[in-house]
Amino acid sequence: MNKGRPFRAALPYCAGPSRGQGRIVWQEVTAVLEKVELAGGLPGPHRPEIPGGETTRRERDVADSVTTIGFVGCGGIGMHHLKIWQQIEQARVVAVCDIIPERAQKAADMMGARPYTDMAEMLRSEQFDAVDICTPSGLHAQQGIMAMEAGRHVLVEKPIDIDLVKIDRLIELADKTGLKLACIFQYRFSPQIQKANQLIREGKLGRIISCSTYVKWWRAQEYYSADAWRGTYALDGGVLGNQGIHSLDQLTWMAGPVAEVEYAHLDTIERQIEAETFAIAVVRFESGARGVIEATTNCYPGMPTRTQIFGTKGSAEFDGHTVVKFSVLGEEIDLQTQEEGQETDGRSDPMAIGLAGHHAQMLDFVLAIQEDRPVLCDGRSARVPVECLNKIYRKAGVKQKIGT
Ligand SMILES: NC(=O)c1ccc[n+]([C@@H]2O[C@H](COP(=O)([O-])OP(=O)(O)OC[C@H]3O[C@@H](n4cnc5c(N)ncnc54)[C@H](O)[C@@H]3O)[C@@H](O)[C@H]2O)c1
């Protein structure tokens with residue numbers, strides 16, 4: 001039985017911690033959400049100093065209250081981003097880039113923007129405030145650094161990258177320049193998930209004993225064969241680095257960072273790729289809680305994702321952006337739980353995902369620039385699940401160099 005509203009496919013009720021894992025307080029999140037809800041009545045934009053002093057652009061954009069975007073990576077998720085940018089009136093995509101000219105042209109036609117096949121050339125030739133990066137994961141940090149060195153704010157798809165050394169360089173640059181750095185983790189941008197996270201952090205479940213996640217999804221060989229970067233350690237990772245990273249993020253965002261991976265087993269089953277299609281790990285969190293991480297793309301046709309947290313006073317269960325259960329001993333808690341989330345997490349089809357979380361997060365990014373306030377999912381926060389991923393890879397004996 002559906003006991004609450006579904007995750008609306010509309011706008012914007014985002015929330016999430018901005019300063020590391022959960023260090024923002026609930027009132028702050030609510031205040032930011034209200035501003036996102038009221039978007040349109042906000043003060044004029046705060047602009048980064050762009051090398052070369054482009055006064056005309058700055059004056060024009062301040063007058064318009066529009067944040068201009070240079071877009072990179074017009075593939076699967078990239079085209080979803082572009083559709084969302086079309087709906088965000090506080091932003092305008094002025095230039096698009098893809099190494100495949102036809103993709104760049106198609107996106108340019110769709111957005112009324114200028115097409116590029118070289119990101120460096122786009123940065124040199126165009127005046128815009130921020131870069132949105134939707135390229136293969138192993139390019140994210142390097143392209144983010146390039147954008148920031150050119151004075152642009154950066155929004156990047158998940159994961160922020162898979163190499164911790166490059167991620168740290170990017171975060172350092174964001175700190176140094178004061179430019180915004182945001183990474184898409186759309187599960188966080190659901191009000192039920194936000195509230196559940198806050199309650200867990202307030203201790204409603206008591207002392208947390210166990211935090212586990214089970215990601216049983218399906219990807220056929222054709223999915224991997226279609227793009228050379230998929231399933232490689234250098235550009236993607238396997239199920240943990242690509243599909244499972246959402247759940248590693250949810251788990252570590254709610255339960256805190258993983259201190260140690262006590263056991264890890266990775267396997268590549270019936271797929272011609274370098275990285276894992278099946279992973280099991282046993283982890284110990286910094287809090288002392290233990291957990292199991294199980295992820296696969298071998299499970300036909302794809303099952304609901306389960307993230308489960310239990311403590312001495314209660315338990316919680318999540319399916320992506322949906323709260324399935326939140327029970328506290330002796331207390332009624334109304335979190336608008338649902339028995340099972342809608343199939344909008346890409347468990348069977350990578351493009352069958354709900355876009356409400358993306359929409360909210362992209363709007364948050366733009367408003368953070370315009371208000372000069374922190375984004376709700378920043379670089380440091382997005383690094384935590386990648387650190388967990390790297391610890392699992394190391395424990396499993398993956399020899400390739402993936403981060404540190
Ligand atoms: N948040 C989500 O739910 C979600 C869903 C899907 C993908 N993603 C992430 O988005 C990223 C892209 O995934 P995808 O499935 O859209 O991949 P994709 O292969 O469909 O698209 C990537 C695009 O980047 C282009 N590209 C590659 N190198 C480039 C370069 N140097 N400069 C410019 N363009 C370049 C490719 O030509 C391609 O068009 C990945 O990091 C993935 O993890 C996130």
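Which residues of α10 are buried? In this predicted model, the buried residues of α10 are I245, H246, S247, L248, D249, Q250, L251, T252, W253, M254 and A255. The helix is thus mostly covered, with eleven of its eleven residues buried. G256 follows α10 and has a positive phi, near 90 degrees. The surroundings of this helix are described below, after an outline of the whole protein.

The protein contains twelve helices and 13 strands. Of its 404 residues, 52% are buried. Among contacts in the protein with a separation of 6 or more, 72% are between residues 24 or more positions apart.

One group of strands forms an open sheet of six, in the order β3-β2-β1-β4-β5-β6, and the pairing is parallel. Its edge strands are β3 (114–116) and β6 (181–183), each of which pairs on one side only. On average, neighbouring strands of this sheet are turned by 25 degrees against each other, direction ignored. Helix α6 (residues 140–149) packs on the sheet and touches β1 (67–72), β4 (130–133), β5 (153–156) and β6. The direction of α6 makes about 160 degrees with that of β5.

Within this sheet, β2 (residues 91–97) pairs with β3 in the parallel sense over three bridges. One residue pair shows where these two strands meet: A95 has R114, in β3, as its bridge partner. Strand β2 also pairs with β1, again in parallel, and here six bridges join the two strands. V72 has C97 of β2 as its bridge partner. Six of the seven residues of β2 are buried, and the strand is mostly covered. In general, strands of a sheet pair through backbone hydrogen bonds, in either a parallel or an antiparallel arrangement.

Another group of strands forms an open sheet of seven, ordered β8-β9-β10-β7-β11-β12-β13, with mixed pairing. The edge strands here are β8 (258–267) and β13 (322–328), and each pairs on one side only. From one strand to the next, the twist averages 10 degrees. Strands β12 (residues 314–319) and β13 run antiparallel and are joined by six bridges. The bridge partner of D319 is T322, which belongs to β13.

Helix α10 (residues 245–255), whose buried residues were listed at the start, packs on this sheet. The strands touched by α10 are β7 (208–216), β8, β9 (278–285), β10 (290–296), β11 (306–311) and β12. Its direction makes about 170 degrees with that of β7. Helix α12 (residues 379–395) packs on the sheet as well, touching β8 and β9. The direction of α12 makes about 55 degrees with that of β8.

Helix α8 (residues 191–201) is largely enclosed by the rest of the structure, because eight of its eleven residues are buried. These buried residues are P191, Q192, I193, Q194, A196, N197, I200 and R201. Just after α8, G203 takes a positive phi of about 95 degrees.

The ligand is surrounded by 26 residues, of which G73, G75, G76, I77 and E157 are the closest. By type, the shell around the ligand divides into 13 nonpolar, eight polar and five charged residues. Helix α3 (residues 76–87) gives the most to this shell, contributing three residues. Both domains take part: the shell draws at least three residues from each of domain 1 (26–187 + 358–379) and domain 2 (190–353 + 384–395).

I77, one of the residues closest to the ligand, also links this region to a residue far along the chain. M351 and I77 are 274 residues apart in sequence, while their C-alpha atoms are 7.3 Å apart in space. M351 lies in the loop between β13 and α11 (356–371). Is M351 buried or exposed? M351 is exposed, because 9 other C-beta atoms lie within 10 Å, and a residue counts as exposed when that number is 12 or fewer.

Terms used
Residues numbered from 1 in each chain as written. Predicted model: local features only at pLDDT ≥ 70, side-chain atom pairs only at ≥ 80, totals over all residues. Pairing = 2+ DSSP bridges. Helix = DSSP H or I, 4+ residues; strand = E, 2+ residues; numbered from the N terminus. Axes fitted to C-alpha atoms, helices over the stretch in contact; angles between N-to-C directions. Contact = placed C-beta atoms within 7 Å. Near = placed C-beta within 6 Å. Nonpolar A, V, L, I, M, F, W, Y, C, P; charged D, E, K, R; others polar. Domains from an automatic or database assignment. Buried ≥ 20, exposed ≤ 12 C-beta atoms within 10 Å, placed from the backbone.
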